[in-house]
Amino acid sequence: MSQDLEELQRILIEGQRRSMQGSYQRRSPAKPAIPFLLEARSGLKKYVEAHEDDDKAWRSLSQAEECLLNYSAALNCLEKAMDISGQRDKKDLKRLALLKEYEADWKQLNLTPAQLQALGGYLSQKLLEEGCDHTLRCTQEWLKALSIAKPKSVVDALRNRGGYCDCEVLNNVVGG
Ligand SMILES: [Zn+2]
């Protein structure tokens with residue numbers, strides 16, 4: 001039996017509250033938020049299997065995917081919700097456009113959410129030991145050590161998101 005939608009939305013809101021992402025911010029959720037977001041997402045996935053025509057549930061699932069930086073999935077769920085409700089209201093269209101923008105940005109960054117988390121762990125450790133020297137030295141070392149493809153384009157994407165040095169990558173891109 002799937003969980004009740006209101007309960008799942010409460011879990012999602014708790015995850016959003018802890019994520020420190022604000023509205024429409026493109027960085028990883030803060031660690032304390034992750035168990036809530038994952039629980040909400042898995043519950044909502046089960047819920048929509050059983051209630052395919054519930055646009056509210058698809059909207060919530062879209063939000064959970066967005067918080068977890070899965071923009072393609074967030075887009076699909078929002079489109080599904082819009083199809084079901086048969087409405088194309090301004091708020092939805094605006095969100096759809098933003099999600100498309102984030103998806104394109106994410107493709108430029110070319111790191112998986114797991115790789116971004118790993119970069120965050122590496123930078124936290126390095127900055128704790130050595131401090132920030134106002135360059136992307138540690139970020140570049142990490143990209144090199146992992147043989148990440150097209151490191152220069154990753155660095156450009158990090159700069160586009162306000163990551164001009166290692167501590168800014170950690171704070172502005174990776175997040176808490
Ligand atoms: Zn710095």
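The following paragraphs describe two nonpolar cores, one buried residue and one helix pair.

The structure is a predicted model, in which local features need pLDDT of at least 70 and side-chain atom pairs count only at pLDDT 80 or more, while totals for chains, interfaces and linings use all residues. Residues are numbered from 1 along each chain as its sequence is written.

The largest nonpolar core (buried Ala, Val, Leu, Ile, Met, Phe, Trp, Tyr and Cys residues joined through C-beta atoms within 7 Å) has 24 residues. Those with the most contacts inside this core are L37, A40, L44, L61 and A64. At least two residues of the core come from each of helix 1 (5-19), helix 2 (34-50), helix 3 (55-67) and helix 4 (71-85); helices are DSSP runs of H or I with at least four residues, numbered from the N terminus. Apart from this core lies another, of 14 residues, including L109, W142, L158 and L170.

V174 belongs to helix 9 (residues 166-174). V174 counts as buried because 24 other C-beta atoms lie within 10 Å, the cut-offs being 20 or more for buried, 12 or fewer for exposed and partly exposed in between, with C-beta atoms placed from the backbone. Not counting residues up to four places away in sequence, V174 touches R27, S28, L116, L119, G120, L123 and V169; contact requires C-beta atoms, placed from the backbone, within 7 Å.

L119 and L123 also take part in the contact between helix 6 and helix 7, together with Y122 and K126 of helix 6 and C138, T139 and W142 of helix 7. By class, this contact has five nonpolar, one polar and one charged residues (nonpolar: Ala, Val, Leu, Ile, Met, Phe, Trp, Tyr, Cys and Pro; charged: Asp, Glu, Lys and Arg; polar: the others, Gly among them).

Definitions and conventions
Two residues are in contact if their C-beta atoms, placed from the backbone, lie within 7 Å.
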